[in-house]
Amino acid sequence: MPPEGVELVRRSFEAFNGRDLDELVKLYHQDCIWDMSKFADWPEHAVYRGREGLRMILAKWEAVWEDVHFEPTDTWLVGERSLIACNLRGRRRVSGQEAEIRWMQVGETREGLIYRVDNYTDMEEALAAVGLMAQHDSH
């Protein structure tokens, strides 16, 4: 992801947190892909396509969470892609329980817009997806 892609990601988090979903959707390519298949406990293991798919996934987040806030904690550029560590803090609508979730996103841009976001709850899977491997001591 080129450096301007990092700015797109920053703006997308700001738009989501400000509940400006129309602005958020404008930052995504019309053929965008939002992949939740590697996100643990996601009920449908779905891949959402296009801006309508993006609106569907955003509606699902809103249905489950209230007072939800996404925060990118770290961002790395790896070739043409970004690796973003994220936090979600919020309260579940049904139970009222406070929760925090940490996960990783691998993002790509196309034509100056966010094209693909793959979501991972496993850090090693996210690292492997961008061609990096976690260092392990083999002793």
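In this predicted model, F39 is buried, with a relative accessible area of 6%. The residue lies in the loop between β1 (28–38) and β2 (47–49), and its ring takes part in two of the contacts described here. With W42, the ring centres are 6.1 Å apart and the planes stand at 90°, so this pair is edge-to-face. W42 is likewise buried, its relative accessible area being 11%.

The second contact of F39 is with W61. Their ring centres are separated by 6.2 Å and their planes meet at 90°, so this pair too is edge-to-face. Because F39 belongs to the loop between β1 and β2 while W61 belongs to helix α3 (residues 50–64), the pair ties together parts that are 22 residues apart in sequence. W61 counts as buried, at 5% relative accessibility, a value that falls under the 20% limit for that class.

These contacts belong to a wider arrangement of rings. The structure holds 10 aromatic pairs, and ring pairs link F39, W42 and W61 with F13, F16, F70 and W103 into a cluster. A pair of aromatic rings is described by the distance of the centres and the angle of the planes. Charged side chains also meet aromatic faces in this model. R19 lies over the face of F16, a member of the cluster, at 4.9 Å from the ring centre. Elsewhere, R110 is placed over the face of Y115, at 3.7 Å from the centre of that ring.

F39, W42 and W61 reappear in the lining of the largest pocket, which also includes A40, D41, P43, E44, K60, V64, W65, R92 and I101. The space in this pocket comes to about 250 Å³. Helix α3 gives the most to the lining, with 3 residues. By class, the lining has 8 nonpolar and 4 charged residues, and no polar ones.

Two residues of the pocket lining, W65 and R92, lead into the strands. The bridge partner of W65 in β4 is R92. Strands β3 (residues 65–78) and β4 (residues 81–92) run antiparallel and are joined by 11 bridges. They form a hairpin with 2 residues between them, and G79 in the turn has a positive phi of about 65°.

Strand β4 is also joined to β5, again in an antiparallel manner, by 11 bridges. Here R81 stands opposite E108 in β5. The hairpin of β4 and β5 has 5 residues between the strands, and G96 takes a positive phi near 75°. In a regular strand the side chains alternate between the two faces of the sheet.

Strand β5 also contributes to an enclosed space. The structure holds 1 cavity of 30 Å³ or more, and the largest cavity has a volume of about 220 Å³. Its lining comprises 19 residues, of which S12, F13, Y28, W34 and Q105 lie nearest the centre. F13 is thus named both in this lining and in the aromatic cluster. At least two lining residues come from each of α1 (3–17), β1, α3, β5 (98–110) and β6 (113–120). The cavity lining divides into 16 nonpolar and 3 polar residues, with no charged ones, whereas the lining of the largest pocket includes 4 charged residues.

Definitions and conventions
Residues numbered from 1 in each chain as written. Predicted model: local features only at pLDDT ≥ 70, side-chain atom pairs only at ≥ 80, totals over all residues. Heavy atoms only, no water. Phe/Tyr/Trp six-rings, centres within 6.5 Å; stacked < 30°, edge-to-face > 60°. Buried < 20%, exposed > 50% of the residue type's maximum accessible area, 1.4 Å probe, protein only. Helix = DSSP H or I, 4+ residues; strand = E, 2+ residues; numbered from the N terminus. Lys NZ or Arg CZ within 6 Å of the ring centre and 35° of its normal. 1 Å grid on protein atoms, 1.4 Å probe; cavity = no way out; pocket = protein on both sides within 12 Å on 5 of 7 lines; lining within 4 Å. Points joined across faces, edges and corners; volume = space filled by probe spheres on them. Nonpolar A, V, L, I, M, F, W, Y, C, P; charged D, E, K, R; others polar. Pairing = 2+ DSSP bridges.
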